[in-house]
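Reader: I should like to learn how aromatic rings and nonpolar side chains are read in a protein model. May we work through an example together?

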Amino acid sequence: AEETDAVILFTSGTTDRPKGVRLSHRNFYAIAPQFAELCNLGRDDVLLLFMPATVIVGQILLNVAALLGASLSMMAGFDPKQLFAAIQEHRVTFFPMVPMVAQMMLGAPAAHKADLSSLRGVMIGATSVHPELVSRFRERFNLQPIIPYGLTECSTISLALPDMNTP
């Protein structure tokens, strides 16, 4: 049934105190199409997940891939060189990340050699994102990151900034 628990995710979120968050099947029915629309994702996309599937964005990406019938490539952990190789090899079109990953991508020597022509979208979130990081990322990779805000407890994106330079 839609109201039964689908998953319990652990987060310290806004309280800094770890807690288990129960999310229902209905939560996931609601967020998957919302996320797909926000990120302009479709059946032909190749999504990349290197963040744990046990965090909210991991769960959302799994459900979005299933909903759309899109391809999902998964990495065991994060390494900048492997990330660039995976984007090239699988022709990745979209992936979410935390600010530290964006920073590491900017400083990685592999970034200058990698073919990222398939990549058409990224999301940087899970914590605050400095506008300077967004600007540098946009300039270096010619991509405008989506900057979301949402609570694990709500299993939804409450606010998303597709262009941080828009007043």
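**Aromatic pairs and the core**

Author: This is a predicted model. Searching the whole structure yields five aromatic pairs.

Reader: How are the rings of phenylalanine 50 and phenylalanine 78 arranged?

Author: Ring pairs are described by the distance between centres and the angle between planes, and angles from 30 to 60 degrees count as tilted. Here the centres are 5.1 Å apart and the planes stand at 40 degrees, so the pair of phenylalanine 50 and phenylalanine 78 is tilted.

Reader: Which parts of the chain does this pair tie together?

Author: Phenylalanine 50 is in the loop between β3 and α2, and phenylalanine 78 is in the loop between β4 and α3, so the pair links parts 28 residues apart in sequence.

Reader: Is phenylalanine 50 buried or exposed?

Author: Buried means under 20% relative accessible area. Phenylalanine 50, at 7%, is therefore buried, whereas phenylalanine 78, at 25%, is partly exposed.

Reader: What separates phenylalanine 137 and phenylalanine 141 in helix α5?

Author: They are four residues apart, which means about one helical turn. Phenylalanine 137 is buried at 0% relative accessibility, and phenylalanine 141 is buried at 11%.

Reader: Which residues have the most contacts inside the largest nonpolar core?

Author: In soluble globular proteins, nonpolar side chains tend to be buried together. The largest nonpolar core here has 55 residues, and Phe35, Phe95 and Met97 have the most contacts inside it. Helix α2 gives the most to this core, with seven residues.

Reader: Which residues form an aromatic cluster with Phe95?

Author: Phe50 and Phe78 join Phe95 in one aromatic cluster. Among the residues that phenylalanine 95 touches are Phe50, Leu83 and Met105.

How values were computed. Residues numbered from 1 in each chain as written. Predicted model: local features only at pLDDT ≥ 70, side-chain atom pairs only at ≥ 80, totals over all residues. Heavy atoms only, no water. Core = buried A, V, L, I, M, F, W, Y, C linked by side-chain atoms within 4.5 Å. Buried < 20%, exposed > 50% of the residue type's maximum accessible area, 1.4 Å probe, protein only. Helix = DSSP H or I, 4+ residues; strand = E, 2+ residues; numbered from the N terminus. Contact = heavy atoms within 4.5 Å. Phe/Tyr/Trp six-rings, centres within 6.5 Å; stacked < 30°, edge-to-face > 60°. Lists of a residue's contacts leave out its neighbours within four places in sequence.
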